[in-house]
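Please read the following explanation alongside the sequence and the coordinates, taking the sheets, then a helix pair, then the charged contacts in turn.

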Amino acid sequence: MGSVVALIAILMVLLSGLSVGLVNDGVSGLQRMKATSFAFQEDVGKDAAFSRSVFDREAVGVWAEQDGVEQAAPFGNALVNGKTDRDVDIDLALFGIEPESFLAPEVAQGTALSGAPDEVVISATAAEEGVDVGDVITVEQTGAELRVVGVMGEQHTFGHVDVGYLPLRTWQEIRAGVREGDQVPDRVYEEITAVAVLGADVDLPAGDRAAGTKSLTTEESFGASPGYTAETSTLKLIQGFLYAISALVVGAFFTVLTIQRKQEISVMRALGASTAYLLRDSLIQSLILLVASAAVGVGAGLALGAAVSTTAMPFALEAGPIAVATVSLLVLGMVGAAVAVVRIVRVDPLTALGENR
Amino acid sequence: MTDHSVVLDQVSLVHGDGDETITALDSVGLEVDRGEIVAIVGPSGAGKSSLLAVAGGLLRPTSGTVRIGGVDLAGLNRRRLTELRRTRIGFVFQTNNLVPALNAVDQLRLPLTFGKVENPREPRKLLEEVGMEHKAKRRGHQLSGGERQRIGIARALVTRPQVLLVDEPTAALDRQRSQDIVALLAHETRAQGVATIMVTHDHDVLHHCDRVHEMIDGKLATPVSR
Ligand SMILES: Nc1ncnc2c1ncn2[C@@H]1O[C@H](COP(=O)(O)OP(=O)(O)OP(=O)(O)O)[C@@H](O)[C@H]1O
Ligand SMILES: [Mg+2]
């Protein structure tokens with residue numbers, strides 16, 4: 001049973017790493033943005049807000065004037081496929097921003113966006129795939145050429161795709177499918193995906209009424225990124241089952257153990273051990289067993305996880321979620337043990353004499 | 001009143017209810033003094049174990065009174081009864097009633113962990129007294145039946161009980177071992193001033209005892225000569 005708990009602990013750690021990894025992969029690009037909320041096209045479905053929402057940028061001005069809004073800036077989002085001049089295939093989630101707005105990313109390497117139309121700043125993870133400062137990425141959809149001027153210090157991904165920040169105007173052209181030499185209608189430069197809002201205490205519904213938009217907090221907007229809700233809810237379900245299974249396994253184990261120890265317990269009762277003593281004794285034993293096997297499991301899980309981290313799998317070990325998972329495992333294990341150990345109350349000290357035949 | 005260590009007066013114990021009742025004990029009277037070892041013999045099902053259970057506070061009699069050191073058990077609640085068992089009564093069982101996970105000396109320490117015990121025996125010394133000091137680190141399954149029984153007796157004595165209740169201590173032992181064990185019980189009874197009631201099937205060990213009672217159909221006969 002120690003080994004079962006250890007195995008469950010390993011699974012917990014791996015699942016936790018996978019969840020964190022998937023969340024990172026799905027929405028780290030959003031998590032690392034300074035915006036507190038995003039205003040989308042009013043009638044767009046929540047699940048697809050980032051990909052479907054298109055509206056006029058005049059809403060930015062309306063939002064900037066709302067109470068509590070420190071900053072409001074236009075934001076554009078599009079997924080594209082690209083290829084560098086060194087023949088590296090790279091998919092990018094393009095984040096169109098105004099380089100002077102609060103959304104402008106900090107770079108760890110190279111330079112920030114200066115305002116030149118063909119610049120792009122990419123996620124650290126894109127750099128790991130072989131894209132470097134100085135490379136030119138050709139967007140397959142339109143043939144637009146983007147010069148990599150900077151690389152951000154951390155992972156910025158959105159829907160499992162590396163983020164590339166570029167000037168809003170360039171993003172608008174790419175989104176509209178404008179090719180070199182095309183005549184660009186003015187309307188193209190009016191279209192944005194969302195208004196990114198920064199402000200601690202903003203009345204979102206009021207802003208939405210004024211601007212004719214539909215706001216999601218940054219936290220809520222995670223659910224609007226591709227596949228995010230489905231992935232996280234699946235993992236949560238698996239985790240939930242794992243907790244339930246561990247409580248059942250531990251409960252079953254201690255039930256069997258208590259039944260096995262019946263004779264011994266009846267002897268101790270006859271010798272004057274109180275019920276409280278026996279319960280305490282058994283619970284402490286359970287706790288020691290649980291903690292020891294969980295420790296072994298978490299240790300093994302971390303080792304395994306470290307190995308998995310080096311692969312392409314979205315996987316990230318973070319102390320917080322692992323601690324939560326471990327504590328939940330212990331607590332539920334103890335609940336299981338407590339339910340089982342209550343049988344001690346029913347052990348009759350007479351059994352000690354009774355078995356004498 | 002008397003200051004006998006154990007007094008059973010008109011004790012009856014009826015099992016079951018309605019039509020199907022079994023009278024395990026039928027108006028049993030018995031008094032045992034400090035330093036006295038009393039044997040109970042009788043056929044299977046006569047009520048011998050029932051007598052020990054009632055005397056040790058494991059079962060409440062249907063009628064009659066049980067007094068241990070002058071205390072009427074009927075007046076004690078569950079908690080008090082448990083405490084009385086812990087401090088005043090020692091049980092020795094037939095076989096293999098040691099706690100498997102503990103070594104010999106820890107078996108003796110076990111009853112001292114259940115709660116406060118006044119002036120307990122020193123487990124190591126007691127182990128020496130029953131001739132087991134050289135096996136202090138052995139677990140139950142690494143000991144012979146006779147050795148286990150010695151540990152069981154020592155465990156019952158570690159709290160300096162007033163009363164020792166012993167159920168068929170020699171049932172799993174050969175002749176010589178049986179003699180040794182009952183001799184040890186008789187010796188400890190006298191040395192420690194305990195009142196001992198021993199149930200046995202083994203007529204060869206009765207000469208160690210001060211009195212022998214025969215039990216038939218729940219009735220305890222007056223002492224028979226041995
Ligand atoms: N819990 C119970 N419910 C009903 N009847 C019981 C119960 N315990 C014991 N008895 C009955 O009470 C009678 C006395 O049993 P007891 O165990 O005291 O006999 P004993 O003299 O110790 O027998 P043995 O020598 O076989 O150990 C028996 O008829 C037994 O079947
Ligand atoms: Mg019996």
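What follows is a walk through selected features of a predicted model.

Chain B offers a convenient starting point, with an open sheet of four strands whose order is 2-1-4-5 and whose pairing is antiparallel. Strand 2 (22-32) and strand 5 (71-72) of chain B occupy the edges of this sheet, and because each has a single partner strand, one side of each is left without a neighbour in the sheet. Further in, strand 1 (residues 6-15) of chain B is joined to strand 4 (residues 63-68) of chain B by five bridges in the antiparallel sense, and on strand 4 of chain B the residue standing opposite Asp9(B) is Thr65(B).

A further open sheet in chain B is built from six strands in the order 6-7-8-3-9-10, and here the pairing is mixed. Its edges are strand 6 (89-92) and strand 10 (219-220) of chain B, each of which has a single partner strand, so that one side of each is left without a neighbour in the sheet. Within this sheet, the pairing of strand 7 (residues 163-167) of chain B with strand 8 (residues 195-199) of chain B is parallel and runs over five bridges, and Asp167(B) has Val199(B), in strand 8 of chain B, as its bridge partner. Helix 1 (residues 48-55) of chain B packs on the sheet, where it touches strand 3 (36-41), strand 6, strand 7, strand 8, strand 9 (211-216) and strand 10 of chain B, and the direction of this helix makes about 155° with that of strand 7 of chain B.

Turning to helix packing, helix 5 (residues 145-157) and helix 6 (residues 175-192) of chain B pack at an angle of about 10°, with their axes 10 Å apart. That angle makes helix 5 of chain B roughly parallel to helix 6 of chain B, and the crossing of the two is right-handed. Helix 5 of chain B contributes Gly146(B), Gln149(B), Arg150(B), Ile153(B) and Leu157(B) to the contact, while helix 6 of chain B contributes Arg177(B), Asp180(B), Ile181(B), Leu184(B), Leu185(B) and Glu188(B). By class, this contact comprises five nonpolar, two polar and four charged residues.

Side chains of opposite charge can pair when their charged atoms come close. Over all chains, the count comes to 20 salt bridges, including one between Glu98(A) and Arg57(A), whose closest N and O atoms are 3.0 Å apart. This pair links distant parts of the chain, 41 residues apart: Glu98(A) lies in the loop between strand 4 (89-97) and strand 5 (109-110) of chain A, whereas Arg57(A) lies in the loop between strand 2 (55-56) and helix 3 (58-64) of chain A.

Notes: Residues numbered from 1 in each chain as written. Chains lettered and ligands numbered in written order. Predicted model: local features only at pLDDT ≥ 70, side-chain atom pairs only at ≥ 80, totals over all residues. Heavy atoms only, no water. Pairing = 2+ DSSP bridges. Axes fitted to C-alpha atoms, helices over the stretch in contact; angles between N-to-C directions. Parallel < 35°, antiparallel > 145°, perpendicular 65-115°, else oblique. Left-handed = near helix turned anticlockwise from the far one by under 90°. Contact = heavy atoms within 4.5 Å. Nonpolar A, V, L, I, M, F, W, Y, C, P; charged D, E, K, R; others polar. Salt bridge = Lys/Arg side-chain N within 4 Å of Asp/Glu carboxyl O.
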